[in-house]
Structure formats: C-alpha cells, structure tokens
Amino acid sequence: MASTYRKRKGVAYDTWHNCSNCSNWPTSDYVERDTKPTSGERCNECMAKEKAGTCS
Ligand SMILES: [Zn+2]
C-alpha cells in the first residue's frame, strides 16, 4: 500500500491523496509527505480504494 500522501498546491478545497491510481492523484504542483496528514480532508476515492484493496 502506498504511504505517500499528495495534495495539490494552492487549491484550498483539495484533499490528501494516497493512491497513485486515484483519478485525482496530483502529478504536478503538489505537496508531498510520507506520514499521515494531521490536518485536512482525505480523498473519498482514495479511502474507497483503500477499503476495496485497490489502492496502489
Ligand atoms: Zn484520491
């Protein structure tokens, strides 16, 4: 399972993603961290993938 979290820069409403196969996975102009974000929303799609075991 991916342990890297990404969030697009400068988009106030964007959420933290941790699945590189998420349709909203940021590929440019993003903030990255390798620990679970302590603030901000988690992406619903990523959480669903995690639950379904399809997060990569
Ligand atoms: Zn996502």
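The legends below describe close-up views of a predicted model.

**View 1. The zinc ion and its four donor atoms.** In this predicted model, the zinc ion is coordinated by the ND1 atom of His17 and by the SG atoms of Cys22, Cys43 and Cys46, at 2.1 to 2.3 Å. The angles among these four donor atoms run from 98 to 119°, and the site of the zinc ion is tetrahedral. For orientation, the ideal angle for four tetrahedral donors at a metal is 109.5 degrees.

**View 2. The donor residues of the zinc ion along the chain.** Read along the sequence, the residues that donate to the zinc ion follow the spacing H-x4-C-x20-C-x2-C. Cys22 belongs to the loop between β1 (5-8) and β2 (30-33), whereas Cys43 belongs to the loop between β2 and α1 (44-52), so this pair ties together parts of the chain that are 21 residues apart in sequence.

**View 3. The surroundings of Cys22 and Cys43.** Both of these zinc donors, Cys22 and Cys43, are buried. The relative accessible area of Cys22 is 6%, and that of Cys43 is 5%; because buried means under 20% relative accessible area, Cys22 with its 6% falls in that class, and so does Cys43 with its 5%.

**View 4. The disulfide between Cys19 and Cys55.** A search of the whole structure finds one disulfide, and Cys19 and Cys55 form a disulfide in which their sulfur atoms are 2.1 Å apart. The pair links distant parts of the chain, with Cys19 placed in the loop between β1 and β2 and Cys55 in the segment after α1, 36 residues apart. The torsion about the S-S bond of Cys19 and Cys55 is about -110°, so the disulfide is described as left-handed. Cys19 is buried, and Cys55 is buried as well.

**View 5. Asp14 and the residues it touches.** Asp14 has its place in the loop between β1 and β2, and with a relative accessibility of 10% it counts as buried. The side chain of Asp14 reaches the backbone nitrogen of Arg8 at 3.3 Å. When residues up to four places away in sequence are not counted, Asp14 touches Lys7 and Arg8, so that Arg8 appears in this view both as a residue touched by Asp14 and as the residue whose backbone nitrogen the side chain of Asp14 reaches.

Conventions. Residues are numbered from 1 along each chain as its sequence is written. This is a predicted model: local features need pLDDT of at least 70, side-chain atom pairs count only at pLDDT 80 or more; totals for chains, interfaces and linings use all residues. Side-chain values use heavy atoms; hydrogens and water are left out. Donors are N, O and S atoms within 2.8 Å of the metal (3.2 Å for Na, K and Ca); water is not among the atoms, so sites may look incomplete. Four donors count as tetrahedral if all angles lie between 85 and 135 degrees; four count as square planar and six as octahedral if opposite donors are over 155 degrees apart and all others between 65 and 115; anything else is irregular. Helices (H or I, at least four residues) and strands (E, at least two) are DSSP runs, numbered from the N terminus. Buried means under 20% relative accessible area, exposed over 50%, partly exposed in between (1.4 Å probe, protein chains only). A disulfide is a pair of cysteine sulfur atoms within 2.5 Å. A polar contact is a pair of N or O atoms within 3.5 Å; within protein, one must be able to donate a hydrogen and the other to accept it, and residues adjacent in sequence count only if both atoms are side-chain atoms. Contact means heavy atoms within 4.5 Å.
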